[in-house]
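Got your viewer open? Let's take a walk through this model, one selection at a time.

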Amino acid sequence: MMNIAICDDDKTFRDLLEKHLKNYFNERSIPLNFFQFGSGEELLDNQLLFDLVFLDVEMGNINGIDTGKELKRRNPHNIIFVITSYDGYLDDAFKIKAFRFLPKPLNVVRLYKALDDAAELINNDIIVFYDVNTGADVRVYTNDIIYLEIEKKKTKIVTVNNIYYSNEKNCSMEK
């Protein structure tokens, strides 16, 4: 399940963006959890890790750029979209390694193209497998994998944060 955060001080814009995101992901049958935040402080108070984050720049005490810096520190894998009415923040968006800079008002065609690009990146960076120890599907970033090995007819997946065991063959994991 993918976690998506929308952080903007304009509730109407958050709802509009969520509607378009739901349309996009529903068409592709991708399950999601949406979380809306009215400020950077509110988003940073939440301890969830997000796959996609949509950040307005100008809001509250903590702007979107500073919020993005902290989110990248917590999870360097999240994909950040900076959304603003002001082109002057383009350089700042690059500093936080924003995936896309989307101007307001929202251009839905451009948003969907950016989501296509993000989905391709996610599909190439994440493997999903069933962990026999926890009995649940696990999503792991390929960059976090240290090594794979066969142990007692199971594939052992060692990552920077955890060790998982799968019944999948090692050769399918190598891809």
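Start by colouring the charges: the chain carries 22 positive and 28 negative side chains, and the centres of the two sets lie 6 Å apart. Here Lys and Arg count as positive and Asp and Glu as negative, while His and the chain ends are not counted; each charge is placed at NZ of Lys, CZ of Arg, CG of Asp or CD of Glu.

A word on what you're looking at: this is a predicted model, where local features need pLDDT of at least 70 and side-chain atom pairs count only at pLDDT 80 or more, though totals for chains, interfaces and linings use all residues. Residues are numbered from 1 along each chain as its sequence is written, and side-chain values use heavy atoms, with hydrogens and water left out.

**The whole chain**

Zoom out and switch to cartoon. You should find 6 helices and 10 strands (DSSP runs numbered from the N terminus: H or I of at least four residues for helices, E of at least two for strands). The C-alpha atoms fill a box of roughly 55 × 30 × 25 Å along the principal axes. Of the 175 residues, 43% count as buried; that means under 20% relative accessible area, with exposed being over 50% and partly exposed in between (1.4 Å probe, protein chains only).

**Into the core**

Now select L21, L52, F54 and L115. They have the most contacts inside the largest nonpolar core, which has 25 residues. Such a core is a set of buried Ala, Val, Leu, Ile, Met, Phe, Trp, Tyr and Cys residues joined through side-chain atoms within 4.5 Å. At least two core residues come from each of β1 (2-7), α1 (11-27), β2 (32-37), β3 (52-56), β4 (79-84) and α5 (108-125). Helix α5 gives the largest share, 6 residues.

Centre on F54 next. Which residues is F54 in contact with, leaving aside neighbours within four places in sequence? Look for I4, A5, I6, C7, L17, L21, F81, I83, L111 and L115 (contact means heavy atoms within 4.5 Å). Apart from the largest core lies another one, of 18 residues, with I65, A93, A98 and F101 among them.

**Follow the lysine**

Select K104 with D8 and D56. A search of the whole structure finds 13 salt bridges, each a side-chain nitrogen of Lys or Arg within 4 Å of a carboxyl oxygen of Asp or Glu. In the one between D8 and K104, the closest N and O atoms are 2.7 Å apart. D8 sits in the loop between β1 and α1 and K104 in the loop between β5 and α5, so this pair ties together parts 96 residues apart in sequence. D8 counts as buried, at 1% relative accessibility.

K104 also meets D56 in a salt bridge (3.5 Å, N to O). That pair links strand β3, home of D56, to the loop of K104, 48 residues apart. D56 is buried too, at 6% relative accessibility. Shared partners join D8, D56 and K104 into one network.

While you're on K104, check the backbone: a cis peptide bond joins K104 and P105, with omega about -5°.

**Two backbone oddities**

Last stops: K97 and K152. K97, in the loop between α4 (90-95) and β5, has a positive phi of about 55° although it is not a glycine. K152 lies in the loop between β8 (145-151) and β9 (154-159), and its phi is also positive, near 55°. Buried or exposed, K97? Exposed, at 66% relative accessibility. K152 is exposed as well, with a relative accessible area of 77%.
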